[in-house]
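Student: I would like a close look at the empty spaces in this structure. Please start with the enclosed ones, then go on to the open one and to the surface.

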Amino acid sequence: MKTINDFNFKDKKALVRVDFNVPQSADLKVTDNTRIVAAKETVDKILNDGGSVILMTHLGRPKGKVSEEFSLKNIVPEIEAVFGRKVQFCDDCLGDNATRMTSELKPGDILLLENLRFYDEEEAGNAEFAEKLAKYADAYVNDAFGTAHREHASTAVIAKYFPSTKFFGLLMAKEIEAVEKVLQKGEKPVTAIIGGSKVSSKITIIENMLPAVDNLIIGGGMAFTFVKALGGSIGSSVVEEDKMDLALEILKRAEAENVKVFLPVDVIAADEFNNDAERKETDIYEIPEGWMGLDAGPRSRDLIHDVILDSKTILWNGPIGVFEMPNFSAGTVALGDSIAESTRNGAFSLVGGGDSVAFVKQFGYDDKVSYVSTGGGAMLESLEGKELPGIRAINN
């Protein structure tokens, strides 16, 4: 893997693709700077070598139109606060001003170009657009794992204009290594916890993981499709009727691969989808009509805990209850506690995918696991075994 650690950036300009698509408040202040913090190590390395940095990113979905709402000037104060350095801002990513400002950069300088998505050419993967950007710098660095699954100009096309000076940033390298550690180099036993509501959205991940894991824990809403397929009564719990045969096929394939599959054995059921609904514990195979399972029950939590404590490598993708409602968050909290304890005991734990990442941040588990991925869709496609365009562009 060719990273920025393989190059000295002294007196070189580095064009660094970052993912600063950060959430903002109504007054356009950054509300979560995780992605900015994640890029700091790469930027520091280049500047400490004696190079200069040209940052490029997208923000939101402006659909090719310039707008105040999606201007990157609004996030400059947060970038400066995180990096502890002055950041120059260019009000366009192309044009005379961008050409002038990039040419005048001195070692130690940071310049942020305006939102790439103000140009339709970015998402279209336009080569001419990519080539114009490439002319600003001596080297290209992709540190935007969150967009590595897109065939965009700044992630998948631009690298070809830097045949010998294209590199992964340190964040990208960590993300790639984390996935490899689970899928290829994981110390056994390897356990995957796959949650969320739909089997259909996770099927490719499950299929790709079966040869790599020893244990598969299936939780959240998707568990009910398996339980119903096995003959259970699930009341009015969420289910994908058309995926029940697929669920049985997954169980058959897991058996053939000697993978132990663990489904919840009990649930906290509710009489409606509401935090204040009536609740009761019930066997997952005997949920009464009119009731729906919204969280893993206490026996399921104990079962999961024992499996996780016996694991050396853990992947967590998807919650096992409706954690957004406090009365149905206990199962996912217990899962977080189990993973944190196993991590303290020396296991490697990777959390990937939007909902589980949101959980670990919201509930303060991000420093209790080994690695939290910054890329939702990119992480999912990595786990599905796909080579991401942004990664392929550097490797080729």
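Tutor: The largest cavity has a volume of about 60 Å³. Keep in mind that this is a predicted model. How is such a space found? Rolling a probe the size of a water molecule over the atoms shows where empty space is left. Across the whole structure, the search finds 2 cavities of 30 Å³ or more.

Look at the walls of the largest cavity. Its lining includes Val 18, Asp 19 and Phe 20. Arg 35, Ala 38 and Ala 39 also line it. So do Asp 143, Ala 144, Phe 145 and Gly 146. Leu 171 and Thr 374 are in the lining too. Which element gives the largest share of this lining? That is helix H1, residues 34-49, with 3 residues. By type, the lining of the largest cavity has 7 nonpolar, 2 polar and 3 charged residues.

Now turn to the second largest cavity. Its volume is about 30 Å³. Arg 301, Ile 304 and His 305 line it, along with Ile 320. Gly 331, Ala 334, Leu 335 and Ser 338 are also part of that lining. Two helices matter for your picture here: H11 (298-309) and H12 (330-344) each supply at least two of the lining residues. The largest share comes from H12, with 4 residues. The lining of this second cavity divides into 4 nonpolar, 3 polar and 1 charged.

Next comes the open space. The largest pocket holds about 480 Å³. Its lining is made by 35 residues. Nearest its centre lie Gly 196, Ser 197, Gly 220, Gly 221 and Gly 321. Three elements give two or more residues to this lining: H9, strand S14 (292-296) and helix H13 (354-362). S14 provides the largest share, 5 residues. The pocket lining counts 15 nonpolar, 15 polar and 5 charged residues.

Finish on the surface. Leu 230, Leu 248 and Tyr 285 make a nonpolar patch of about 230 Å². Where does Leu 230 sit? It lies in the loop between helix H9 (223-229) and strand S9 (233-234). H9 is thus a good landmark: it also gives residues to the lining of the largest pocket. Is Leu 230 buried, exposed or in between? Its relative accessible area is 42%. Buried means under 20% and exposed means over 50%, so Leu 230 counts as partly exposed. A patch residue needs over 30%, so Leu 230 passes that cut-off.

Key:
Residues are numbered from 1 along each chain as its sequence is written. This is a predicted model: local features need pLDDT of at least 70, side-chain atom pairs count only at pLDDT 80 or more; totals for chains, interfaces and linings use all residues. Side-chain values use heavy atoms; hydrogens and water are left out. Patches are made of residues with over 30% relative accessible area and no salt bridge: like charges are joined within 9 Å, nonpolar side chains (Val, Leu, Ile, Met, Phe, Trp, Tyr) within 5 Å. Accessible areas come from the Shrake-Rupley method with a 1.4 Å probe; for residues, only the protein chains shown count as cover. A salt bridge is a side-chain nitrogen of Lys or Arg within 4 Å of a carboxyl oxygen of Asp or Glu. Buried means under 20% relative accessible area, exposed over 50%, partly exposed in between (1.4 Å probe, protein chains only). On a 1 Å grid over the protein atoms alone, a cavity is a set of points where a 1.4 Å probe fits but cannot get out, and a pocket is an open set with protein on both sides within 12 Å along at least five of seven lines; lining residues have an atom within 4 Å of a point. Grid points are joined across faces, edges and corners, and a volume is the space filled by probe spheres set on the points. Ala, Val, Leu, Ile, Met, Phe, Trp, Tyr, Cys and Pro count as nonpolar, Asp, Glu, Lys and Arg as charged, and the others, Gly among them, as polar.
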